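Please go through the nonpolar core, one strand residue and one helix of the model shown here, with the cut-offs given as each term comes up.

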Amino acid sequence: MSESESVARSESESVARSESESPRPDAGVDHRDALPEDLDVSAYVGPYQFPDNSRRRIPGLLYLIIAAGCVLLYVLANDTWAFVNEGWLWAAAALTVTAVICFTSGWRMTVKEVDALVAAQQALGFPVGHASAQQVWRGLRSRPTWRVLCYSIEDPPQRRGLVLVDAVDGRVVEQLVEDNPETWG
């Protein structure tokens with residue numbers, strides 16, 4: 001390194017050092033990110049409420065209304081407006097198909113998480129210690145299902161099971177029970 005480069009480097013280091021040692025105007029204030037109150041899970045008291053899949057019917061209804069508007073616009077303005085053509089009918093058909101999918105996949109969930117945990121314990125045939133349930137969907141029409149993972153009550157657990165419980169009618173769809181291969185230590 002040449003002498004001029006070393007002088008320039010030492011000057012830049014001394015400037016950086018003096019800037020870091022000088023007090024900043026916000027040096028005493030601690031800035032932190034915070035979640036909005038409605039998203040702060042630590043302040044929430046009570047069980048989590050899973051949203052019902054029947055809410056899918058609302059956009060389905062909106063798709064049907066827009067499809068009807070497309071057909072109405074095509075019928076009323078086909079000969080008078082240049083931008084109205086058969087594409088409006090194709091759009092109405094696509095929106096109608098989408099609405100049918102929304103209506104047929106808008107299942108009303110009648111089985112809650114606690115009911116799924118009870119059904120899983122009854123299906124497994126061993127006393128359950130720790131368990132957790134997760135909402136999933138299966139099939140083309142997205143039928144809501146509870147996926148329940150259970151461990152036996154021993155410490156450490158000797159068995160574990162996975163049970164799929166239908167969230168619409170409460171029947172056990174599938175179950176798997178095995179010895180726990182995990183090592184706990």
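The largest nonpolar core, a set of buried Ala, Val, Leu, Ile, Met, Phe, Trp, Tyr and Cys residues joined through side-chain atoms within 4.5 Å, has 15 residues, of which Ala 116, Leu 124, Trp 146, Val 148, Cys 150 and Val 165 touch the most other members. This is a predicted model, in which local features need pLDDT of at least 70 and side-chain atom pairs count only at pLDDT 80 or more, while totals for chains, interfaces and linings use all residues. Residues are numbered from 1 along each chain as its sequence is written, and side-chain values use heavy atoms, with hydrogens and water left out.

**Core**
- Two or more core residues each come from helix H4 (113-124) and strands S1 (128-138), S2 (143-152) and S3 (159-166), with helices (H or I, at least four residues) and strands (E, at least two) being DSSP runs numbered from the N terminus.
- H4 supplies the largest share of this core, four residues.
- Leu 124 touches Cys 150, Gly 161, Val 163, Gln 175, Leu 176 and Val 177, residues up to four places away in sequence not being counted; contact means heavy atoms within 4.5 Å.

**Pro 144**
- Pro 144, found in strand S2, counts as buried because its relative accessibility is 0%, where buried means under 20% relative accessible area, exposed over 50% and partly exposed in between (1.4 Å probe, protein chains only).
- The C-alpha atoms of Pro 144 and Asp 52 are separated by 9.3 Å, although these residues are 92 residues apart along the chain.

**Helix H2**
- Gly 60, Ala 67, Cys 70, Tyr 74 and Ala 77 are buried in H2.
- The buried residues of H2 pack against helix H3 (87-104).
- The face of H2 turned away from its buried side carries the exposed residues Ile 58, Ile 65, Leu 72, Val 75 and Leu 76.
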